[in-house]
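Please look over the sequence and the structure shown here before you begin the exercises. Each exercise sets a task, and a worked solution follows.

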Amino acid sequence: MLNKITDSLQFSNDTLQLRARRQEVLTSNIANVDTPNYKAVDFDFKSALANLGNKAAGNPSVNSSLNTSNGPTGLMQTHAGHIAGGGSTGKMSTAAMLEFRRNVNPAMDNNTVDIEKERAAFAENAVKYEAAIRSINGKISTLKSAMGQGQ
Amino acid sequence: MSLFNSFKLAGSAMQAQTQRLNTVASNLANVETAASKAEDVYKPRKVIFEAALDKAKPGSAAMANSVEVKKVIAEDVEPRKLYDPKHPMADEQGYVYMPNVSAVEEMVDMMAASRSYQSNAEVMNTAKSLMLKTLSIGQN
């Protein structure tokens, strides 16, 4: 029963974690706007979220703390940097694969950060992070009102 | 939690930009510092930033963990040679040597540094407000 409740929040939780991760990546780009040879990085949100979703789907009881393994013989992954060991569904964790930005004109010092683009993406991501929080809040209040039925 | 890293990262960038502003101030302040020998002249300073890169997973690009000032270099530029025999620092031929600081270049550098600083301050504010909102999940 409790599992179903946490499962319903899992998607929002994944979204929120990935948004936080992307926020961090974009912060890295903005911070390094004047660093010679720095290459702007980002990741594909859609595929990263799909990857997380696949992982959750392949391992339905991913939420209960005793069962965070990657399958019957897998190793427990309690950190984003842990390598999936042995399990059959060794999918990527929240540390999504970063890629370099393409189609940018590097500056004279080989820096590929486009500050306007990065700040726009940063602002957009911040709004979407808030949207994810609101979605979680909405789900929680739905659950609360469901629990309050009959009182 | 990764949003905490944003604080560290933006903070280190602000620190680096502050050091850049300091070198600009030093260069501008020494624009008229005369010397009687060419090799004694103040040389304009420049900071070089370096990103401390995160450990990347195989096949993945790395993001930065922090920004640091790698080194401060003294630019090797020819000093300005002025003929001014009445100057107290003048040599036997009546020349004084002035640092070759380009005030325009320094002002541009100053503006760029302050804009970057502002960007990072804004990043910090956004990260803070997002974190506070995260803390209030489920409280309404």
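The exercises below deal with a predicted model, and they go from confidence to folds, helix packing, single residues and the interface.

**Exercise 1. Find out how confident the predictor is in the complex and in each chain, and where in chain A the confidence is lowest among its elements.**

Solution. Start with the complex as a whole, to which the predictor gives an ipTM of 0.83 and a pTM of 0.78. Then take the chains one at a time: chain B averages a pLDDT of 90, and 99% of its residues score at least 70, while chain A averages a pLDDT of 77, with 72% of its residues scoring at least 70. Within chain A, confidence is lowest in helix H2 (residues 45-58), where the mean is 76, and highest in H3(A), where it is 92.

The next step is to look for stretches with low values. Over residues 58-74 of chain A the pLDDT stays under 50, and the model has 33 contacts beyond four places in sequence for this stretch. Residues 86-92 of chain A also have a pLDDT that stays under 50, here with 21 contacts beyond four places in sequence. Where pLDDT is low, the predicted coordinates should not be read in detail.

**Exercise 2. Describe the order of the helices and strands in chain A, and say what share of its residues is buried.**

Solution. Count the elements to begin with: chain A has 3 helices and 2 strands. Reading along the sequence then gives the pattern α-β-α-β-α. For burial, 26% of the 151 residues in chain A are buried. As for contacts, of those in chain A between residues at least 6 apart in sequence, 67% join residues at least 24 apart.

**Exercise 3. Work out how H1(A) and H3(A) are oriented towards each other, and then do this for H1(B) and H2(B).**

Solution. Two packed helices are described by the angle between their axes and the distance between the axes. For chain A, the axes of H1(A) and H3(A) come within 9 Å and cross at roughly 160 degrees. Since angles over 145 degrees count as roughly antiparallel, H1(A) is roughly antiparallel to H3(A). The crossing of these two helices is left-handed, and the residues of their contact divide into 15 nonpolar, 7 polar and 6 charged.

For chain B, take helix H1 (residues 2-29) and helix H2 (residues 103-135), whose axes come within 9 Å and cross at roughly 160 degrees. This angle makes H1(B) roughly antiparallel to H2(B). H1(B) passes H2(B) in a left-handed crossing, and their contact has 18 nonpolar, 6 polar and 3 charged residues.

**Exercise 4. Decide whether Ala132(A) is buried or exposed, and list the residues that it touches beyond four places in sequence.**

Solution. First locate the residue: Ala132(A) lies in helix H3 of chain A. Next count its surroundings, where Ala132(A) has 22 C-beta neighbours inside 10 Å and therefore counts as buried, the cut-off being 20 or more. Not counting residues up to four places away in sequence, Ala132(A) touches Ser12(A), Thr15(A), Leu16(A) and Arg19(A). Finally, consider Asn13(A), which is 119 residues from Ala132(A) along the chain, although their C-alpha atoms are separated by 8.3 Å.

**Exercise 5. For Asn37(A) and Asn110(A), state the sign of phi and where each residue is placed.**

Solution. Take Asn37(A) to begin with: it has a positive phi of about 65 degrees although it is not a glycine. Asn37(A) is placed in the loop between H1 and strand E1 (41-42) of chain A, and it is partly exposed, with 13 other C-beta atoms within 10 Å.

Turning to Asn110(A), its phi is near 65 degrees, which is a positive value in a residue other than glycine. The loop between E2 and H3 of chain A holds Asn110(A), and with 11 C-beta neighbours inside 10 Å this residue counts as exposed.

**Exercise 6. Characterise the side of chain A that touches chain B by its elements and its residue classes.**

Solution. Begin with the extent of the contact, in which 33 residues of chain A meet 32 residues of chain B. The elements of chain A that give two or more residues to this side are helix H1 (2-31), strand E2 (99-100) and helix H3 (115-147). Among them, H3(A) gives the most, with 11 residues. Sorted by class, the residues on this side of chain A are 19 nonpolar, 7 polar and 7 charged.

How values were computed:
Residues numbered from 1 in each chain as written. Chains lettered and ligands numbered in written order. Predicted model: local features only at pLDDT ≥ 70, side-chain atom pairs only at ≥ 80, totals over all residues. Contact = placed C-beta atoms within 7 Å. Helix = DSSP H or I, 4+ residues; strand = E, 2+ residues; numbered from the N terminus. Nonpolar A, V, L, I, M, F, W, Y, C, P; charged D, E, K, R; others polar. pLDDT = per-residue confidence, 0-100. Axes fitted to C-alpha atoms, helices over the stretch in contact; angles between N-to-C directions. Parallel < 35°, antiparallel > 145°, perpendicular 65-115°, else oblique. Left-handed = near helix turned anticlockwise from the far one by under 90°. Buried ≥ 20, exposed ≤ 12 C-beta atoms within 10 Å, placed from the backbone.
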